[in-house]
Amino acid sequence: MAVLDTSDRRPRRLTGRMVFLMFVAFFGVIFTVNALMLTLALDTMPGLTTASSYQASQRFNRDLAAARERDARGWTVDARADRDPAGFAAVTVSLRDPAGGPVEGVSLAARLEHPARRALDRPLDMARTGIGLYAGTAADVTSGAHDLVVEVSRDGAVLFRSRNRIMLP
């Protein structure tokens, strides 16, 4: 059995140059990881939800009063949504008044909004299929969570708005 003699080895000296290189390597890793995380965060959520925050704040009270008026109507929306593997989505909507009767004499518009990326929002081509019943379709819809936004209007004025989170297969 051979025994290694380590008494002839000199201990490695810690020099100023070595400390500087360790310092640069440490902060280089930190900056690289931060840059990567920032890039990924901005790509998945750009943060822009409105073109002008000031204009949105000026409309706030008007929108709040309109929402109270819509809620006072007591209308309910019952919606079903399904998506096939090819990305084709079908939505059916039933619109009812507080007594349970169908709401007539209105037009209905709907859209699927992706919660994180506006580029994945899809409008639905809605058509009246019966008394208080509407159906619509959209193509290239991704699977996962979406907000189904239904707007009921008469003569250009939005009378009712419904927003519901749905999961598409």
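This is a short talk on one predicted model, going from the start of the chain to the sheet and then to a few single residues.

Let me begin with the front part. Helix α1 covers residues 16-44, and Pro 11 sits in the segment before that helix. Is Pro 11 buried or exposed? Its relative accessibility is 70%, so Pro 11 counts as exposed. To get a sense of distance, take Pro 11 and Met 45, which are 34 residues apart along the chain. Their C-alpha atoms are separated by 52 Å.

Now the aromatic rings. A pair of aromatic rings is described by how far apart the centres are and by the angle of the planes. In this model the count comes to four aromatic pairs. One of them is Phe 26 with Phe 27, an edge-to-face pair with 5.0 Å between the centres and 85 degrees between the planes. Phe 27 also pairs with Phe 31, and that pair is tilted, at 6.4 Å centre to centre and 35 degrees between the planes. Where do Phe 27 and Phe 31 lie? Both are in helix α1, four residues apart, which is about one turn of the helix. Together, Phe 23, Phe 26, Phe 27 and Phe 31 make one aromatic cluster.

How accessible are these rings? Phe 26, at 49% relative accessibility, counts as partly exposed, because the cut-off for exposed is over 50%. Phe 27 is also partly exposed, with a relative accessible area of 33%. Phe 31, at 57%, counts as exposed.

Next, the sheet. Strands of a sheet pair through backbone hydrogen bonds, either parallel or antiparallel. Here, seven strands form an open sheet, and the pairing is antiparallel. Reading across, the order is β1-β2-β5-β4-β3-β6-β7. Which strands stand at the edges? They are β1, residues 76-83, and β7, residues 157-168. Each of these has a single partner strand, so one side of each is left without a neighbour in the sheet. On average, and ignoring direction, neighbouring strands of the sheet are turned by 25 degrees against each other.

Let me walk through some of the pairings. β1 pairs with β2, residues 89-96, in the antiparallel sense over eight bridges. As an example, Arg 80 has Thr 92 in β2 as its bridge partner. The hairpin of β1 and β2 has five residues between the strands, and in this hairpin Gly 87 takes a positive phi near 95 degrees. From β2 we step across to β5, with six bridges joining these antiparallel strands. There, Val 93 has Tyr 134 in β5 as its bridge partner. Strand β5, residues 133-138, also pairs with β4, residues 122-130, in the antiparallel sense over five bridges. In that pairing, Met 126 is matched with Gly 136 of β5.

Then there is the core. In soluble globular proteins, nonpolar side chains tend to be buried together. How many residues are in the largest nonpolar core of this model? There are 22, and the ones touching the most other members are Trp 75, Val 106, Leu 112, Leu 124, Leu 148 and Val 152. The elements that give two or more residues to this core are β2, β3, β4, β5, β6 and β7. Take Leu 148: not counting residues up to four places away in sequence, its contacts include Ala 79, Val 91, Ala 110, Leu 124 and Ile 166.

I will finish with two glutamates. Glu 113 is found in strand β3. At 8% relative accessibility, Glu 113 counts as buried. Which side chains make polar contacts with Glu 113? Arg 111 does so at 2.7 Å, and Arg 163 at 2.8 Å. Leaving aside neighbours within four places in sequence, Glu 113 is also in contact with residues including Arg 118, Asp 121 and His 146.

The second one, Glu 151, lies in strand β6. Glu 151 is buried, because its relative accessible area is 18% and the cut-off is under 20%. Its side chain is joined to that of Arg 161 by a polar contact of 2.8 Å. Beyond its neighbours within four places in sequence, Glu 151 touches Ser 107, Leu 108 and Phe 160, among others. Glu 151 and Arg 73 are 78 residues apart in sequence, and their C-alpha atoms are 14 Å apart in space.

How values were computed
Residues numbered from 1 in each chain as written. Predicted model: local features only at pLDDT ≥ 70, side-chain atom pairs only at ≥ 80, totals over all residues. Heavy atoms only, no water. Buried < 20%, exposed > 50% of the residue type's maximum accessible area, 1.4 Å probe, protein only. Pairing = 2+ DSSP bridges. Axes fitted to C-alpha atoms, helices over the stretch in contact; angles between N-to-C directions. Core = buried A, V, L, I, M, F, W, Y, C linked by side-chain atoms within 4.5 Å. Contact = heavy atoms within 4.5 Å. Polar contact = N/O pair within 3.5 Å; in protein donor to acceptor, adjacent residues only side chain to side chain. Phe/Tyr/Trp six-rings, centres within 6.5 Å; stacked < 30°, edge-to-face > 60°.
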